[in-house]
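Visitor: Could you take me through one part of this protein up close? I'd like to hear about the aromatic rings and what sits around them, and then how the rest fits in.

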Amino acid sequence: MEQSTRIKKEEIPFDKLEKVGVDKEFVNRMEPQELNAFLNGYRSDKLYTVNAKINDQEFRIPAKLRLQKGEDGAVNVKVHPIQRLNIPEKFMGHKFTEEERNALLKDKNLGKTIDLKGIDGKKDSYYLAIDPKTNELIPLRASNIKVPDKIKGATLSEEQKQKLAAGKKVFLDKMTGRNGQKFGASLQVDAANRSINFSGFKQEKKLTEEQNEKQTKTKGAKQKVG
């Protein structure tokens, strides 16, 4: 059963895509998940080579593509080329602190939710990250992410769920990989990918070794005190 999307596949303006130099067959090469996001108005996961005019000269440059449906129902193509990494003083009504700017530059993720002003002028809670492929600032409404009770078979505590929902990073172990092996990883909401991101993977064996080492040090410390 096909998922409902903001834009139907037959509404894709292939004539406009061809004008920017993209073969319409690229849609057929998209993975189902990427196509679904593309038809919902999100940036493409991959970079595509498009036409660009710079100082009256024609170039072919890599960029992400996005579809945008206007109030009149017309669907347009938006091009997002690679930019120079820059954190503006203000973004969607929010003035960045030095700490926030450093977090974005270092981690490509703000690490918390903030109130931003949408196109309609209303404020809402957002996650914020930098797209690693284009260097764009990507906002994502916090209401668009639902933190599950379990991830890869491992149950999250209420505290972990609250931290994840707040944009913070948490470590979760006893998850099960495709190969059936247990592992642990740091989890964090990634606005650029509209999902919960995994990083700092550790296999169960490594985790057990670290836990044993920690317990040994703790016992040693207790013995010294006694």
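Guide: Here is a walk through the rings, followed by the strands and helix you meet on the way out from them. Keep in mind that this is a predicted model.

Let's set the scene. The protein has 226 residues, and 35% of them are buried. Its secondary structure amounts to five helices and 13 strands. Take the contacts between residues at least 6 apart in sequence: 39% of these join residues at least 24 apart. The accessible surface is about 15000 Å², with 46% of that belonging to carbon and sulfur atoms.

Now the rings. With aromatic rings, you describe a pair by how far apart the centres are and by the angle between the planes. The count here is four aromatic pairs. Start with Phe-26 and Phe-38: the ring centres are 5.9 Å apart and the planes sit at 80°, and since an angle over 60 degrees counts as edge-to-face, that is what this pair is. Phe-26 is in the loop between α1 (14-19) and α2 (32-39), while Phe-38 belongs to helix α2, so this pair ties together parts twelve residues apart in sequence. Phe-26 and Phe-38 are both buried.

Phe-26 has another partner, Tyr-48. That pair is edge-to-face too, at 4.9 Å centre to centre and with 70° between the planes. Tyr-48 is in strand β1 (residues 48-54) and Phe-26 in the loop between α1 and α2, so here the parts tied together are 22 residues apart in sequence. Tyr-48 is buried, as is Phe-26. Put those pairs side by side and you get a cluster of Phe-26, Phe-38 and Tyr-48, linked through their rings.

Tyr-42 is another ring to look at, and here the company is charged. Arg-6 lies over the face of Tyr-42, 5.5 Å from the ring centre. Arg-194 also lies over the face of Tyr-42, at 4.4 Å from the ring centre.

Arg-194 is a handy way into the strands. It takes a positive phi near 55° in the hairpin of β12 and β13, which has four residues between the strands. For a bit of background, most residues other than glycine have a negative phi. β12 and strand β13 (residues 195-203) run antiparallel and pair over seven bridges. Within that pairing, Ser-186 faces Ser-199 of β13.

Strand β12 (residues 182-190) is mostly covered, with eight of its nine residues buried. It also pairs with strand β11 (residues 170-176), antiparallel again, through five bridges. One spot to click on is Leu-172, whose bridge partner in β12 is Ala-185. β11 and β12 make a hairpin with five residues between them, and Gly-180 in the turn has a positive phi of about 85°.

Next, have a look at α3 (98-107). Its buried residues are Glu-100, Ala-103 and Leu-104. Looking down the axis of α3, you'd find those buried residues within an arc of 95°, so they line one face of the helix. In general, an α-helix has 3.6 residues a turn, so residues three or four places apart point the same way. Over on the other side of α3, Glu-98, Glu-99 and Lys-106 are exposed. The cover over the buried residues of α3 includes β5 (94-95), β6, β7 and β8 (137-141).

Just after α3 comes Lys-108, which takes a positive phi of about 65°. Lys-108 sits in the loop between α3 and β6 (114-117). With a relative accessible area of 28%, Lys-108 is partly exposed. Asp-56 is another residue other than glycine with a positive phi, near 65°. You'll find Asp-56 in the loop between β1 and β2 (57-69), and it is exposed, with a relative accessible area of 70%.

To finish, go back to the cover of α3, which includes β7. Lys-123 is in that strand, β7 (residues 123-130). At 56% relative accessibility, Lys-123 counts as exposed. Setting aside its neighbours within four places in sequence, Lys-123 is in contact with Asp-115, Leu-116 and Lys-117. Lys-123 and Met-92 are 31 residues apart in sequence, and their C-alpha atoms are 9.2 Å apart in space.

Notes
Residues numbered from 1 in each chain as written. Predicted model: local features only at pLDDT ≥ 70, side-chain atom pairs only at ≥ 80, totals over all residues. Heavy atoms only, no water. Phe/Tyr/Trp six-rings, centres within 6.5 Å; stacked < 30°, edge-to-face > 60°. Helix = DSSP H or I, 4+ residues; strand = E, 2+ residues; numbered from the N terminus. Buried < 20%, exposed > 50% of the residue type's maximum accessible area, 1.4 Å probe, protein only. Lys NZ or Arg CZ within 6 Å of the ring centre and 35° of its normal. Contact = heavy atoms within 4.5 Å. Areas by Shrake-Rupley, 256 points an atom, 1.4 Å probe, with all protein chains shown as cover. Pairing = 2+ DSSP bridges. Arc of directions from axis to C-beta.
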